[in-house]
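Reader: Please pick one part of this model and go through its strand pairing closely. After that, describe the helix packing and the remaining sheet in one connected account.

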Amino acid sequence: MTVITTEFKMTINGLLVTTKQKVPVINPANEKIISHVPKATKEHLNTAVKAAKESFQKWCELSENERQAKLEAFADALHQHREEIAELFTLEMGRPYHLALIEVDGSVATCRALSKMRLKAEILDEKEDHVVERYYSPLGVAGLIIPWNFPVSIAIRKITSALMTGNTVVVKPSPYTPLTMLRIGEIASNLFPPGVLNVVTGENELGEWMTNHPDIDKISFTGSSATGKKVMQGAAANLKRITLELGGNDAAIVMEDAVPKELVEPIFWAAFRNTAQVCIATKRLYVHENIYDEFLSELIEFAKKIKIGDGFNSETQLGPIQNKMQFEKVKELIEETKKSGAKIAFEGEIEDRPGYFVPITIIDNPPEDSRVVVEEAFGPVLPVIKYSNYDEAVEKANNTHYGLAGSVWGKDLKLARSIADRLHTGTVWINEAQVLFPHVSFGGHKESGLGLENGLDGLREYTNSKTIMMKKI
Ligand code: NAD
């Protein structure tokens, strides 16, 4: 698919709504405008929030099994439209089509898994004449703000968790990748009662309006730490509940007993999957000095074979950077790293063609305080850094404001486990990376976030704890 003729509309109160003003959407693989999407005004947002508020009471009074049945029907519909959604995904995001399809299928599975989970009421105290019970009650209207790097899975995870716990939602995709979510809203428009699932699009200001909106009770936000801080400030207006899933600068520690040949492939993908536009990508790679040279040369050999290009080409393994702003940022970081005198161990080749393509770039042992080590690059540039003992590796890995995730690689599992215990991050993987499950809580420490997603903890984020005490008379 290269041209879109369909008009994309927002879903507000079960109706498909367009606007006079529009926002262009660009295909990052060729820089061409592929569509224009609605640009919501404050009035559109108010209508969506009002519809969500009005539908809340009936929706939250449905039984959990009834809400699960609606979400199962939603999952079925997403599955039926999987190829169409994946095509839009590749078109607007740039990710290779076969991988976009995996994200859509994974989202369907997540929707089914999360909607089976139940937050059970608990009896906290029970005597002959007195009983104390705790319930989880929904919050009301949840505003869901989505980034551009995982436009489907992050949205579906939030939508399912919010709806399953009895909330209604207003979803805002990134202005860079709105097509998949607008289409999903349209597909869902007759599956839920009007007002339960609303989708609005516009520019960044729309996110700000949501954050400040007095009738939105919760914001679940995934995006950069800088924007997350603004959300936290804005949410103070009506003490909104917030969940923030933010940036990361994940370290991978490769131990002395690791076998480079065996590990370069999974570690390469931990760093470069989705063209490194992943919050939990390995963004700093620490390798023990005794295997450093061998590891680096094996990594470069592997990187040489990777095909970068248009996501609709079946041979493509990595697509472009998703948008021009990020493209310019990554290019500038690479230029500055070169100027600083750092050693470029590898710079891949890319075709001379339109599109936001950046070559795979590997930096050989840059200083700890260089920008390429300190910042979240969010593009295919990886610093590989030498260390000589595990205390040093742990200290360097923890020397960041971020605390999303990290990984440890090697044969001595006891040692790996002791290193994992010392990393200040929400998740640590040993001999794997970027593995998430719907039933396993996920969230960041430090400036990587607040609150959790997935699992029962993720559902709880959309609820208030409510205690009922009863004296029997
Ligand atoms: P971003 O912060 O620029 O935008 C995220 C969303 O927030 C978009 O929908 C945007 O329109 C909206 N937004 C922008 N300004 C806003 C404001 N003032 N108030 C409210 N909303 C606003 O992030 P991005 O560039 O889309 O995404 C990349 C970032 O997201 C990276 O830092 C990455 O690490 C992070 N991320 C984190 C996770 C996680 O689970 N921790 C997952 C994916 C991405």
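Author: Two strands count as paired if DSSP finds at least two bridges between them. The model is a predicted one. With that criterion, strand E5 (residues 122-126) and strand E6 (residues 130-138) are a pair: four bridges join them, and they run antiparallel. Glutamate 122 has arginine 134 of E6 opposite it. Three residues lie between E5 and E6, and the two strands form a hairpin.

The hairpin belongs to an open sheet of three strands, ordered E5-E6-E22, with antiparallel pairing. At its edges are E5 and strand E22 (463-471), each of which pairs on one side only. From one strand to the next the twist averages 20 degrees. On the other side of the pairing, E6 and E22 are joined in the antiparallel sense over nine bridges. Valine 131 has methionine 470 of E22 as its bridge partner. As a general point, side chains in a regular strand alternate between the two faces of the sheet.

The helix packing can be described around H5. Helix H4 (residues 97-116) packs against helix H5 (residues 153-164) at an angle of about 15 degrees, and their axes are 9 Å apart. The angle makes H4 roughly parallel to H5, since angles under 35 degrees count as such. The crossing in which H4 passes H5 is right-handed. From H4, the contact takes in Glu103, Ser107, Thr110, Cys111, Leu114 and Ser115; from H5 come Ser153, Ile156, Arg157, Thr160, Ser161 and Met164. Sorted by class, the contact of H4 with H5 holds four nonpolar, six polar and two charged residues.

H5 also meets helix H2 (residues 64-80), where the axes come within 10 Å and cross at roughly 160 degrees. H2 and H5 are therefore roughly antiparallel to each other. Here too the crossing is described as right-handed, with H2 passing H5. H2 contributes Glu64, Arg67, Gln68, Leu71, Phe74 and Leu78, which meet Ile156, Ile159, Thr160, Leu163 and Met164 in H5. The contact of H2 with H5 divides into seven nonpolar, two polar and two charged residues.

Next, the domains. The protein is divided into domain 1 (10-246 + 446-470) and domain 2 (250-430). Taken over C-alpha atoms, the centres of domain 1 and domain 2 are 31 Å apart. Between them, 26 residues of domain 1 are in contact with 31 residues of domain 2.

The remaining sheet is open and has seven strands in the order E14-E15-E16-E13-E12-E18-E19, with mixed pairing. Strand E14 (343-347) and strand E19 (427-430) are at the edges with a single partner strand each, so one side of each has no neighbour in the sheet. The twist in the seven-strand sheet averages 20 degrees from one strand to the next. Within it, strand E12 (residues 250-254) and strand E18 (residues 405-409) run parallel and are joined by four bridges. Valine 254 stands opposite tryptophan 409 in E18. Helix H14 (residues 413-422) packs on this sheet and touches E12, E18 and E19, its direction making about 165 degrees with that of E19.

Conventions
Residues are numbered from 1 along each chain as its sequence is written. This is a predicted model: local features need pLDDT of at least 70, side-chain atom pairs count only at pLDDT 80 or more; totals for chains, interfaces and linings use all residues. Side-chain values use heavy atoms; hydrogens and water are left out. Axes are lines fitted to C-alpha atoms, for helices over the stretch in contact, and angles run from 0 to 180 degrees between N-to-C directions. Angles under 35 degrees count as roughly parallel, over 145 as roughly antiparallel, 65 to 115 as roughly perpendicular and the rest as oblique. A crossing is left-handed if the near helix is turned anticlockwise from the far one by less than a right angle, and right-handed if clockwise. Contact means heavy atoms within 4.5 Å. Ala, Val, Leu, Ile, Met, Phe, Trp, Tyr, Cys and Pro count as nonpolar, Asp, Glu, Lys and Arg as charged, and the others, Gly among them, as polar. Domain bounds come from an automatic or database domain assignment.
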